[in-house]
Amino acid sequence: MDVEPRKTWTVAEAKARLSEILRLASEEGPQRIGTKTPYVIVPEEEWLKRAAPRIPLGRWLVENLPRGYDLELPDRSEPDRPLPFQEEEFRDSEGDK
């Protein structure tokens, strides 16, 4: 069904002849409705064939992980490793501790 729609139906025609448009979409291919803002009617089966398959986010992350990089992770038991917020003092808006 790689066919360009042959006819552009007006919205008024589409309202009056919806059953025919749906039948033509399944038999002849896509049907275009509207001129200012065109829409195309295709059978669901055709739409699903063209739609990209959705994969779960977890699988996508695993498949797109950077590979082959030697990442050097710091040893978390190093004694001289600075601890974040260790010496930070949090104050409220008036400067009190």
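This is a short walk through the model, one selection at a time.

**Start with confidence.** Colour the chain by pLDDT, since you are looking at a predicted model. The chain averages 81, and 79% of its residues reach 70 or more. Among the places to click, strand β2 (residues 31–33) has the highest confidence, with a mean of 95, while helix α3 (residues 44–50) has the lowest, with a mean of 87.

**Go inside.** Now select Trp9, Ala14, Ile21, Leu24 and Ile33, which make up the largest nonpolar core. Centre on Ala14 and you will find Ile21 and Ile33 touching this residue, leaving aside residues up to four places away in sequence.

**Follow the salt bridges.** The whole structure holds five of them. Show Arg17 and Glu20 as sticks: their side chains pair at 2.7 Å, N to O. Next, move to helix α2 (residues 18–27), where Arg23 and Glu27 sit four residues apart, about one turn of the helix. Their side chains form a salt bridge at 2.9 Å, N to O. Arg23 is partly exposed at 39% relative accessibility, whereas Glu27 is exposed at 55%.

**Stop at helix α3.** Here Glu46 and Arg50 are again four residues apart, with their closest N and O atoms 2.7 Å from each other in a salt bridge. Is Glu46 buried or exposed? Glu46 is buried, at 9% relative accessible area, while its partner Arg50 is exposed at 52%. Add Lys49 to the selection, and shared partners link Glu46, Lys49 and Arg50 into one salt-bridge network.

**Finish on the surface.** Select Ile55, Leu57, Trp60 and Leu61, a nonpolar patch with about 400 Å² of accessible area together. Leu57 belongs to helix α4 (residues 57–63) and is exposed, at 61% relative accessible area.

How values were computed
Residues numbered from 1 in each chain as written. Predicted model: local features only at pLDDT ≥ 70, side-chain atom pairs only at ≥ 80, totals over all residues. Heavy atoms only, no water. Patch = residues over 30% accessible without salt bridge, like charges linked within 9 Å, V, L, I, M, F, W, Y side chains within 5 Å. Areas by Shrake-Rupley, 256 points an atom, 1.4 Å probe, with all protein chains shown as cover. Salt bridge = Lys/Arg side-chain N within 4 Å of Asp/Glu carboxyl O. Helix = DSSP H or I, 4+ residues; strand = E, 2+ residues; numbered from the N terminus. Buried < 20%, exposed > 50% of the residue type's maximum accessible area, 1.4 Å probe, protein only. Core = buried A, V, L, I, M, F, W, Y, C linked by side-chain atoms within 4.5 Å. Contact = heavy atoms within 4.5 Å. pLDDT = per-residue confidence, 0-100.
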